[in-house]
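Trainee: I am new to this structure and would be grateful for a close look at a single part of it.

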Amino acid sequence: MTVADYLLARLKSLGVDHIFGIPGDFILPLFQAVGDSDIEHIATCNELNAGYAADGYARLKGLGVAVVTYGPGAFSIVNAVAGAYAESVPLLVISGGPSTEAYRSQPVLHHTLPGKYDASLKIFGQITAYAALLDDPMQATAQIDEALRICLSQNKPVYLEIPTDVQVYPCAEPTPLQRVPALSDAASLAAAVSDILVRVKKGTRTVVIPGHEVHREGLEDKVRALLDKTGLATASMFIGKADFLEQHPQCIGAYQGAGSLPEVSAYIEAADTVLFLGVVLSDFNLGGFTAQLTDDQVVNALDQQVCSSTGTYSDVPLSDLIDALLEALPAGDVDAAAPRQMFSHKADLPYSAVPDAPMTNKRFYDRMAHFIRAGDVVAADAGCAINATHLQLPEGVTYLAACYWASIGMGFGAAFGACFAIQPGQRVIALEGDGSFQMSAQELSSMARYNCPAIVFVVNNQGYTAERLIHDGPFNDIADWRYHQLPAAFGGTGLDVHTEGDLEAALAQAEAHTGPGPLIIEVHVDPLDASEAFTLMSETLRSH
Ligand SMILES: Cc1ncc(C[n+]2csc(CCOP(=O)(O)OP(=O)(O)O)c2C)c(N)n1
Ligand SMILES: [Mg+2]
């Protein structure tokens, strides 16, 4: 067995069946090993999209892998890796590298910066939890194991740069990977729980809001159990949208500061305590910092730390905290006065198409609430993600969006990756702004190449509406693509939607769509048509 075989055997044992990436001469031995293994290589059109695809795959399967060549390949994936770092996604990036001898003598090889052969290692050191050059073949397998342990225990990207000769160096077969439990300080956990318990008992209203860390650590059932026992109200947010809770009777709706429906923000902002579980309290999540919450109201458990106005408690893993709260918090009744499932777009609101009416965003998402069903994986980018926040998802939908790092085009790349992580019968639905889609649109051809029957909606509002609402100018216009005609070049099927009647016809086709390849549905809306939440969020961003 070689070091490359060892790495692949490890990945297979961790549930990785696909890796995303693009070959180059410094990584060819590893690609040969992939070809000889039972892991499938999925080619994207560029490395950035490989990173996005592996990120989407990781969000569904718990580990994603991208493989790139040295230099141009590695530098092209940097933005996707930074996004995975920001949003705590377990992503392994494997980069090839010149021979170990070349690292020592630093000749003028293609793809290299002589004197700075370590530039990639330094860059990835900034945006991963572990970055190593495997230049000592005797240490290589131990470093691979260390990288994977860190990746899986911290839910962060890691980076391995492997010189060509080390990729083919012989090594022993892997033994089972020893996992490390997260650092947990019992006294600190007890103090955090007691802080929260005092607040819950003393106050009259506590709201519990889960965020992206709950998804990443698979804590959905624990959060549900906590709500069921305590009767406390909950809400769904922009980043880490609580797809698993939006139908829960205690879910009051979507919370995004001033971007919320008024009943939702009024209820949450009048609470004594808002307990955020794994939520990033960023500007976007709080509606451009319009959330009317004082430090005294907020308890925030994020990144192994619980912070409140009365204390900071370190080394408290979210999973342990929720377990302890489930034990400690008293059973309680549901607040009958709490609003219930306040979302702008809901399946239980009747929708009937007005055939000749031009499409608007509001009507599109009202209709999507009826189209999306249990089992779907829904990915969204930019403006679509803002709107999707206010769309109530059915139980059993998995939602993917990178709303914190907010790199446009990520949602579509993630949708491509998701095509390889789903179970038979599950659909992948992408909700794309036209500007976002132009960032990673080539993967439509990859969807056709691998016969992925994804359903891709492209909302054509002729450019960057999110930016138009903040500061408009010709810089927010984009090339006027005929998105529904892309399948003629890329493969798949395309449909054009101008009216509500067109949308009905397109959705009938989408319901029956099983391929070959993707179905792209171009939906035309007015360039300045934006939902209330979208407008509110832009207003607050304008003042930044
Ligand atoms: C990689 C990257 N470049 C630029 C931006 C800035 N940006 C944020 S939203 C946006 C426009 C998105 O346009 P579109 O996908 O068409 O959505 P719309 O706002 O029109 O609904 C841009 C350019 C970004 N977030 N990410
Ligand atoms: Mg647009």
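How are the donor residues of the magnesium ion (ligand 2) spaced in sequence, that is, what is the pattern?

Mentor: Please bear in mind that this is a predicted model. The donor residues of the magnesium ion (ligand 2) follow the spacing D-x26-N-x1-G along the sequence. The letters of that pattern stand for Asp 434, which donates through OD, Asn 461, through OD1, and Gly 463, through O. These protein donors lie 2.0 to 2.1 Å from the ion. Asn 461 and Gly 463 are both buried.

Two of these donors also bring us to ligand 1. The side chain of Asp 434 has an N or O atom 2.6 Å from an oxygen atom of ligand 1, and a polar side-chain atom of Asn 461 is 2.9 Å from an oxygen atom of that ligand. Ser 436 makes a similar approach: an N or O atom of its side chain is 2.5 Å from an oxygen atom of ligand 1. On its own, ligand 1 would expose 590 Å², of which the protein buries 76%.

The wider surroundings of ligand 1 can be described by residue and by element. There are 16 residues around ligand 1, and the nearest of them are Asp 434, Gly 435, Ser 436, Ala 466 and Glu 467. Helix H16 (382-389), helix H18 (434-440) and helix H20 (465-468) are the elements that each contribute two or more residues to this shell. Asp 434 thus appears in both descriptions, as a donor to the magnesium ion and among the residues nearest to ligand 1.

Methods:
Residues numbered from 1 in each chain as written. Chains lettered and ligands numbered in written order. Predicted model: local features only at pLDDT ≥ 70, side-chain atom pairs only at ≥ 80, totals over all residues. Heavy atoms only, no water. Donors = N, O, S within 2.8 Å, 3.2 Å for Na, K, Ca; no water. Buried < 20%, exposed > 50% of the residue type's maximum accessible area, 1.4 Å probe, protein only. Near = heavy atom within 4 Å. Polar contact = N/O pair within 3.5 Å; in protein donor to acceptor, adjacent residues only side chain to side chain. Areas by Shrake-Rupley, 256 points an atom, 1.4 Å probe, with all protein chains shown as cover. Helix = DSSP H or I, 4+ residues; strand = E, 2+ residues; numbered from the N terminus.
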